[in-house]
Each structure stands twice: as structure tokens, then as C-alpha cells.
Amino acid sequence: MSGETGTRRPALRPAAVGRVLATGVTGLVLLLLTLVVVQLPWMGDLGVHAATVQRLRHAPLAPGNPLVDANTPSPYYSPWTLVLGGVARATGLDVFVVLRLAAAAGLALLVTGVWRYVRTLSAHPAAPVLSLLSLLFLWGTEPLLWSGFTGLHSLALTAAYPSTFTLGLAFHFWTWLSGALRRPAGWGVWLGLGVLWAVILLCHQFSGVVATAGAAATVAAARPGRAVWPRLGGALLLGVSVLGAWPYYDFFALADAGEGLETVHRVLYAQPVARFGLVLLGVAALVGRWRRDHRDPLVVFCALGVLAVAAGRVTGHYSWARALPAAVIPAQLAAALAVVGAGSRRVRSVWAALLAGALLAGAWAQAGALGYVVPADALPGPVAEKYRRPWPGYGWITRWVRYGDVVMAEGRVARQVPAYGPYTVAPGYPDFFLADEERRTAATEAYFAAGTPPAERRRTEREYEVRWVLDHRGALDDPALRPVARGPRGEVLYAVP
């Protein structure tokens, strides 16, 4: 009862309570990701992205290979990394500070993009919040840590990668495309969409495939009239022209990227139930949407993703598994929208209960991401088991090793050293544009082999102008090498005579 008027305040409805709760949880999750950005966990592909920004900072017009001292093009030189390199060059900020800014920008673009795109599918105020939670947690019981995938644990490690920025841009792209299809749009709008499509493909090719599938589904669902097709054709033609004109690498040459890329991605076909089991809830929601409209954009989007991934499995093009988000994202969104969609209150309540249970299970699977904010030794045992400790990095070598020096390193070390400015002999990643990649890899393996004669090591050092050797085992037996520093995990940095 009100103290002055005696009137009873209206009680909150269960739906409103759920919306407030979902909004609060989403806010906490976004706060967690913000704190993770501050930490910037050192793991995975962070090294190659840092190296890319390093090269563009020092030589924006002709950066050369980001990892080895060779004048080759690289698909890592994209419009987005060119911007980041320009920021680093203009401000003098450390590369890792610039990557933190990139992570913040990528996450902001992703969140706002999801929010805007979901608004084209549902006007319900809870739809964007539920969709964000589904994208973060509706995966499986085993987190998939890979760039271009929106699971919380994956984003915690890849927020600074171009894939996060590109996927966020894709959601905005679908939103603008939907608006152009629903309302009359002039040639300027359509040509702008064509340029944006090309930028997305250049920034992260795999996320660009996902963006293309989503755009195709949007067009198919809109059933555009005759007036739209010439504009759509013009947009595609301009986009292809931009792709062909990009000066930093040959985009169309990536279609024949070789076996190395396929081998790396084969693992994405493993453990489908553990990694994607919770997405089946979204598949059930897609079935309902398909019954109402065979051209529903989420249904068509998912079908295109499934076809691409299945074709990759059958043909052995395992890199096509990077189209998995094209199959998963529409299912996740469909599950969220089923809670606020048409139907009786009882049906919506059932969907809400199912989604809540699936999100809780998914959140538990992703709980290891807490370790990037909370000290690992403070985590409960079951959560600590899900946490992947970041790499320590090799910033300690910069006291001796200068920008542009060549360091002989192998394995994971070769994936980290270029982040600080040096080059390695062999790249730590498959490099389609590096013609002598296999030779460099063989030379590195031979250099660290126990029985390699000193004379062969000296020949390799001269050929690749090696100035330093970083032995992560700390057991390299070569009296000609002069040890100058020892790392925190027993690594030894040697100066080459």
C-alpha cells in the first residue's frame, strides 16, 4: 500500500522480471569481457596480429611478410589492420595497447550489430538481450576456442582479432541490407553496401563467407522486385572490383590456399555434439520458423551454412568448417526469438524454460573465461579445470633483440616472437604466399635437431641472416653460440657469432 494515497503498486509480470534479469546478466557478461580486454590474454593467434600491426606501423605502404624477413604479400594486411597500424604510427602507442583498443572497438561493434540486426527480426524489447546471451552461451558442453566464433570463452581470447571486428561489421551489414530491401534505396546506398561487403571479406575472409551467406539469406527472404536487381548487381560488381584492386594481397588467390590450411582446420569437425549440442534447441526453433515461411531469413542462412560445412567435410576442404557460424548463429537467434515470438503464453513459457536451462549449461561450459579476470588460484576447482592459462610472452627479449632482427625459433615460440618486432626464420603459421615456407621449416627443424653439425648451423645462420637463437628447451648444445639471457621458464637467448 502507498503511504499517502493508499493505492497498490502494480506487481511486475514474470515476463518483465525475466527481461530485467536477462538484461542484468548481459550487463555482467559484457563487463567481464571489458575486464578481459584490459588483461588481453596472450594466446593463440595474438602474435601474428601484433606482428601485422608492427609491420604496418613501420612501413604502411610496403610492409612485407609480417612473420619472416621476406617481401611477400599477406592476407593479414586488411583495411582494419591498416587502420590499427596507422593508429600505432600516429600515436606511438605500444602495439598491445592498440590491440586493446581494437578489442574494445570489435566488441562494441559486435554488440551494437547484434542489437540492430535482431531489431529487424523482432520488435520485442527482450529480443536483443536474449539473442546476445544465446550467441555467447548456446554452444555445447565443451567450449570451442577459435576466432570467428562468438562463445564467451572464445571471445575472451579473440576479442582483439580482426574476426571479432569483422563479425560485428557483418551484423551491421545485414541490418543495412535489410533496410535497403524493405524501403526504396538509391544507387548510392547499394554501392555503399557493395564496398562494405568487400571490406568485410578483406578484413577476415572466413567471417566474410559468413557475412555473404547471411546477406544471401536476407535477399532471398525479402523477395525483391525488379527495381532492386540492377542495384544489387551493381553492388556486387563494385564489391568484386574492390576485392581485385586491394593492393596488399591477391584476394582471389586464396581460393587455392593449399594443404596446410586444410590440415589446420580438420579439428573443427571433431566433437560436434560436445561443441554444438545445445544449438539443437535453436534447430527446433528453426523448424517452426520454416513451417511458417520457407524463405525465413534465419532458415535460409542456416541451410547455407550447413551446406558449406558439409561440402567441406565430403570434399576434404576442411577450412570450409570456418563457415560453421553461418549454421550456428541463425539457430542461436531463432532459439532466443522463440521465447518472445508469436504463440500462446504457455508455449513461450516452455521456450523460456528450455532456453534458460540451455544457457545455464552453456555458461558453465564457458566458465573458464573467469580465469582471465579472477586470479586462477582463487577459482573453484571445477572452474579452474576449464581455464586455459595464457602464454607468458617474450617481451623480455626486447632488451637485446631489436626490431627487424632475425631470431631462430621453433614451435609456439615462433608464433610469439614476431609480435615484438623481430622476424623468425620459419613462420609460425601456414603461409600460402611464402614460396619457400617448407624449406624454412625444414631448416629450423634441422637447426634444433640434436645431431646437426655446427657447420650446417652456421650455414643456416648466414643464409637467413640470423642474429639470435631462442631455445625454449634451454638445452641447445653449440659452443659457438653465446648465451645472453635466460627467460622465466628456462628459455635461453643466444647471440649468433
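These are my notebook entries on a few helices, strands and single residues that I looked up in this predicted model.

**Entry 1: the strands**

I started with strand S3, which covers residues 468-471. I recalled that in a regular strand the side chains alternate between the two faces of the sheet. In S3, I found Trp468 and Leu470 pointing one way and Val469 and Asp471 pointing the other way, and I noted that all of them are buried.

I then asked which strands pair with S3. Strand S1, residues 406-408, runs parallel to S3 and is joined to it by 2 bridges, and in this pairing Met408 stands opposite Val469. S5 pairs with S3 in the antiparallel sense over 4 bridges, and here I saw Val469 again, standing opposite Tyr494 of S5.

Following S5 (residues 492-495) further, I found that it also pairs with strand S4 (residues 482-486), in the antiparallel sense and over 4 bridges. Tyr494 appears in this pairing as well, with Pro483 standing opposite it. S4 and S5 form a hairpin with 5 residues between them, and in the turn I noted Gly490, whose phi is positive at about 90°.

**Entry 2: two packed helices**

Next I turned to H8 and H10, remembering that two packed helices are described by the angle between their axes and the distance between the axes. H8 packs against helix H10, residues 228-245, at an angle of about 35°, and their axes are 8 Å apart. I wrote down the crossing as right-handed.

What kinds of residues make up the contact of H8 with H10? I sorted them into 17 nonpolar, 3 polar and 1 charged. On the H8 side the list includes Trp187, Trp190, Trp197 and Leu201, and these residues belong to a group that meets residues of H10, among them Leu232, Leu236, Val240 and Leu243.

**Entry 3: His204**

Just after H8 I stopped at His204, which lies in the loop between helix H8 (187-203) and helix H9 (205-222). Is His204 buried or exposed? Its relative accessibility is 12%, and because buried means under 20%, His204 counts as buried. Its side chain is joined to that of Ser207 by a polar contact of 2.8 Å. Leaving out residues up to four places away in sequence, I listed Ser147, Pro162, Ser163, Thr166 and Arg322 as the residues that His204 touches.

**Entry 4: two residues with positive phi**

I also looked up Arg223, which has its place in the loop between H9 and H10. Its phi is positive, about 50°, although Arg223 is not a glycine, and at 46% relative accessibility it counts as partly exposed.

Gln271, in the loop between helix H11 (259-265) and helix H12 (272-276), likewise is a residue other than glycine with a positive phi, near 50°. With a relative accessible area of 44%, Gln271 is partly exposed.

**Entry 5: burial in helices**

How many residues of helix H5 (residues 127-137) are buried? I counted 11 of its 11 residues, so that the helix is mostly covered. Among these buried residues are Pro128, Leu130, Ser131, Ser134 and Phe137.

My last stop was Ser349 in helix H16, residues 345-365. Ser349 has 41% relative accessibility and counts as partly exposed. Ser349 and Leu243 are 106 residues apart along the chain, and I noted that their C-alpha atoms are separated by 47 Å.

Key
Residues numbered from 1 in each chain as written. Predicted model: local features only at pLDDT ≥ 70, side-chain atom pairs only at ≥ 80, totals over all residues. Heavy atoms only, no water. Buried < 20%, exposed > 50% of the residue type's maximum accessible area, 1.4 Å probe, protein only. Polar contact = N/O pair within 3.5 Å; in protein donor to acceptor, adjacent residues only side chain to side chain. Contact = heavy atoms within 4.5 Å. Pairing = 2+ DSSP bridges. Axes fitted to C-alpha atoms, helices over the stretch in contact; angles between N-to-C directions. Left-handed = near helix turned anticlockwise from the far one by under 90°. Nonpolar A, V, L, I, M, F, W, Y, C, P; charged D, E, K, R; others polar.
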